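Trainee: I'm new to this one. Please walk me through it, terms before details.

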Amino acid sequence: MAKANGPTRPSERTVKRLFALSGNQCAFPGCDRHLVDPTSGSVLGQICHIKGDKEGAARYDASQTNRERHGFDNLILLCGVHHKIIDDDGQTYTVDRLREMKATHETQHRDAPVSMNHATAKQFILNISNVVQIADTITNVFSAPSPVDLAELLTPNASPLPPNVRNPASLLNARHQVVPFLDAPRQREMEAIETWRAADEPASVRLFVGPGGTGKTRLFIEWVKRLSRRGWRAGFLRERRAAAELDALVACPDPLLVVVDYAEARPDVLELLRRAARRPAAGAVLRVALLAREVADWWPALAQQDADVAPLLARHEPLRLAPVPLEGTLRQEAFAAAVRAFDETRKDRQIENGRESEGDRPVVAAQKSGRSPASPDLSDRRFGQMLYLHMAALARVEGLSLSADSLLDDVVAHEGRYWLRRYPERYPADPLDRCAFAAGARRVVAAATLLGGLPTVEAVKRTIQCVDGPLLKNFPEFLRWLYPGRGGPQSQDAFVAPLEPDLLGQALVARALSDRATREDYLDRVFDDADAPSTTNGFLVLGRLAEDRPEARPWIERALGRDVPARAEAAFAAALALGEKTAGSPLGLVLASALQREGTTELARAFEDRLPKETVSLRELRVWTVWRLLEQFPEDQTTEEALPERARLLNNLGVFLSELGRREEALEATRDAVEIRRALARGRRDAFLPHLAGSLNNLSARLSELGQREEALEAASESVEIRRELVRQGGHAFLPDLARSLNNLGIRLSELARQEEALQATQEAVKHYRTLTGKRCSVFLGDLARSLSNLGNCLSELGRLEEALKVTRESVKHYRTLSRQRPDAFLPVLMGTLSNLGNRLGELGRWEEALEAAHEAVECYGALAAKRPDAFLPHLAMSLNNLGGVLSALGRWEEALEATREAVEIRRPLAGRWRDAFSPDLAGSLDNLGRCLGALGQEEEARKATDEAAEIRRARASKRPDAGEPR
């Protein structure tokens, strides 16, 4: 027998060594699946034992020690599919065959090792633990499970209003379903779900995706309710279910619908799907609905981890849910339905307390007097959100202001008045100072909202003490009555929940923090001793507030500044979550600033691989992370380990500095990366030539940004040449890199007015990206959209206007899809493509359509430039210049003059700082300014503007006669 002592799993060092020799590919011959997704960093591979890791496993050797069993020589990295194939066929895949497979694969990649960070190694080790646990339990999945009450596993995720509670927050909370569900806006989705439910499949899984606030949860609350009426067992799967509970769930003898909300973040999803896949076909009907914000890489990773689960997921395409389309008469109908629902609850309240007369109800009073109750102007864009529409309906019933500008604050104030009315009714013996009570209660509820709820009555009492809440005996019980938690004893919101809906909670937090009576150290007191999830929730709330409330930024600084090393992880997690929804939160900026003062190398290592590839809100944080890591690899370190890592970090630093508008620094970093990688490639060509090509491609872009366009073309051409060679030698693995270099080459050629050559390079890039998108749409769609936008520009320059419009429209379509999924990554490039679309429409005389696109681009770039002027002022100037041109064509000369003047004012200092890069743009805007001034009869000023433009062009032509003009 094996010795009982020794390690029970591979060490992190062993895992890193295995990965270094893997080439980031499954070791099974011919398999090209990644072990770690290069885009998202998701761990897709598994650590597999050549000789089985436990008695009864394939190829188990009882004579092995634990150290040998979990050592490097007995381990091989595989994808989930081939791991199962090998373990299921021990006769074919013998120890000798697996050792040969391992040796061959590691020899192929020995000369080009890849590195693995600490977090990824830990995830590999966690994966092997999960696989072992699954192997232990899977044989018992369909044996008779111990009886489990399904009510402990599934929740309808809905509840009636708490007894005698009619406060605004409860009435507006979707879980209480005060306003009936409207079928009409969701007809398409309802029909699709019904078709899926009724299909002739014993077990079926489908993914439903949509951004936060789309109404996914509300839709399935309704569906759970309707199926329950039809005899189904239906509900949302509660979190952290044990294996035995999942066994009991799938063995349910009745038709069963299991809804898993936030499926992308649920560790138990794969366990549930494994059981669904292995369920006997003769069992009752099972439907599993997974709700997530996006498909992303977590979805294909599920299929790769289990060969039985893969076909289950492949049967149905994910269904994308759009926001409820509250347009036209539907908005008025939804408002009217909400008014009726809230009016009914008001009647209930009259019966409940027996003191409120019918005449106190604004709707009824108006009816009796013969007047029509006031109605809001529902054309305001905010009433396109269901919550705002419901708040307006409640405001009408309650007699509040109906202005969209003040509606949220008015409802929050009304919530406070409800506290003041109901507390003395419930606890008449408690003495009450009304002003002190209102302010103190607001501070406590705000604290509960920041922390995501308070788990126990002791936590409530501590919070009351910390934030100067009402020191009244019955106040904790009052809070529990108003905002009861939903979870069990271990749940974060078990005793008192945060104030919901989220918009109300955030507004209440802002009001509490703005109150002069709130102590300066309020946030310190709230977050001191808070656990990581609670602190992350607090940063999420503050980050959302800071999107449109400038006063919220100092609140974030205060919360973070108390203990930067301890709270940075929570703030980072919140910033990542906010980045999925918006590019406007300053949380990343504040975090980067704090880390510059007090950040550590350990934090930089922890953040690096989790930072998204494209981002606006975390750009400064990426720069700090790379700078901090570069300190570990100074210039005087020239070891084989240090030089490649320094080059990688410098290459990334160049990209990140460029995104912040720090052009000279970006060029310097990129030149250094190229220099190091060129030297490395001379010594080990096969290992470092791909990296050199990437840095050359980046160098081309950095040179172009500073107007050094001939040198930029030279670097781009060399990058393409290298990558063509790599494709010839290594096949399709290098095709994405070649397409990227070709797209860049097309831009560089176009800048030098070599339009036919530019078209040829860009068309080839589009061709490759179409091929790649067909295979992995979610990975390459952004690249395809970018190359299509550039192709539209090339076609336009050559006068092929209809073709140019067609491909530009396609680019906008793809970018809209991507920006809905990840606005922080794709909103800026969408706006650039919209500006191009406006130009294409204008070239065909479709000026009204062009105006719509141009206005949208200006509005978005203006918001981005307000927060990051160095990065986005050039884009704002470009969009303003385009807008001025469209307005001129429509004869709206005064507006055109205003937009064009602003473009000139932005471009003049840019041209002073970076003459080669921006003087052509300034000349173009000056020409447009001259036309506007001339049309308005201001001839002298017009002549000055056009003369200045001509002088800029003469100076440029004398220096660079072949240079092209900007588009």
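Mentor: Burial comes up throughout: a residue is buried under 20% relative accessible area, exposed over 50% and partly exposed in between, using a 1.4 Å probe and protein chains only. The model is predicted, so local features need pLDDT of at least 70 and side-chain atom pairs pLDDT 80 or more, while totals for chains, interfaces and linings use all residues. Numbering starts from 1 along each chain as its sequence is written, and side-chain values use heavy atoms, with hydrogens and water left out.

Trainee: Ok. How many helices and strands does the protein have?

Mentor: There are 41 helices and eight strands. Both are DSSP runs numbered from the N terminus, helices being H or I with at least four residues and strands E with at least two.

Trainee: And how much of the protein counts as buried?

Mentor: Of its 967 residues, 55% are in the buried class. As for contacts, meaning heavy atoms within 4.5 Å, take those between residues at least 6 apart in sequence: 70% of them join residues at least 24 apart.

Trainee: Let's try a single residue. Where does Ala753 lie?

Mentor: Ala753 sits in the loop between helix H32 (735–751) and helix H33 (755–775). Its phi is near 65 degrees, a positive value in a residue other than glycine.

Trainee: Why mention the sign?

Mentor: Most residues other than glycine have a negative phi.

Trainee: Is Ala753 buried or exposed?

Mentor: In between: with a relative accessible area of 44%, Ala753 is partly exposed. Tyr262 also has a positive phi without being glycine, near 50 degrees. Tyr262 is in the loop between S6 and H10 and is partly exposed, at 49% relative accessible area.

Trainee: Back to H33 for a second. What does His768 touch?

Mentor: His768 is in helix H33. Leaving out residues up to four places away in sequence, it touches Leu735, Leu738, Ala739 and Leu742. At 12% relative accessibility, His768 counts as buried.

Trainee: You mentioned H10. How many of its residues are buried?

Mentor: Eight of the nine residues in H10 (269–277) are buried, so the helix is mostly covered. The buried ones are Val269, Leu270, Glu271, Leu272, Leu273, Arg274, Arg275 and Ala276.

Trainee: What about H9, which residues are buried there?

Mentor: In H9 they are Glu245, Leu246, Asp247, Ala248, Leu249 and Val250. That is six of the eight residues in helix H9 (243–250), which is mostly covered.

Trainee: What covers them?

Mentor: The cover for the buried residues of H9 includes H10 and four strands: S3 (154–155), S5 (233–237), S6 (256–260) and S7 (286–292).

Trainee: New topic: helix pairs. At what angle do H38 and H40 pack?

Mentor: Helix H38 (869–889) and helix H40 (915–935) pack at about 30 degrees, their axes 10 Å apart. Axes are lines fitted to C-alpha atoms, for helices over the stretch in contact, and angles run from 0 to 180 degrees between N-to-C directions. H38 and H40 are therefore roughly parallel; that label means under 35 degrees, with over 145 roughly antiparallel, 65 to 115 roughly perpendicular and the rest oblique.

Trainee: Which residues make the contact?

Mentor: H38 supplies Pro874, Asn881 and Ser888, and H40 supplies Phe918, Gly924, Ser925, Asn928 and Cys932. They divide into three nonpolar, five polar and no charged. Nonpolar covers Ala, Val, Leu, Ile, Met, Phe, Trp, Tyr, Cys and Pro, charged covers Asp, Glu, Lys and Arg, and the others, Gly among them, are polar.

Trainee: And how do the axes of H22 and H24 cross?

Mentor: The axes of helix H22 (532–546) and helix H24 (564–579) come within 8 Å and cross at roughly 50 degrees. That makes H22 oblique to H24. On H22 the contact uses Ala532, Thr535, Thr536, Phe539, Leu540, Gly543 and Arg544; on H24 it uses Arg567, Ala570, Ala571, Ala573, Ala574, Ala577 and Leu578. Nine of these residues are nonpolar, three polar and two charged.

Trainee: Last one: where is Ile952?

Mentor: Ile952 is in helix H41 (939–959) and counts as buried at 16% relative accessibility. Ile952 and Ala923 are 29 residues apart in sequence and 6.4 Å apart in space, C-alpha to C-alpha. Not counting residues up to four places away, Ile952 touches Ser919, Leu922, Ala923 and Leu926.
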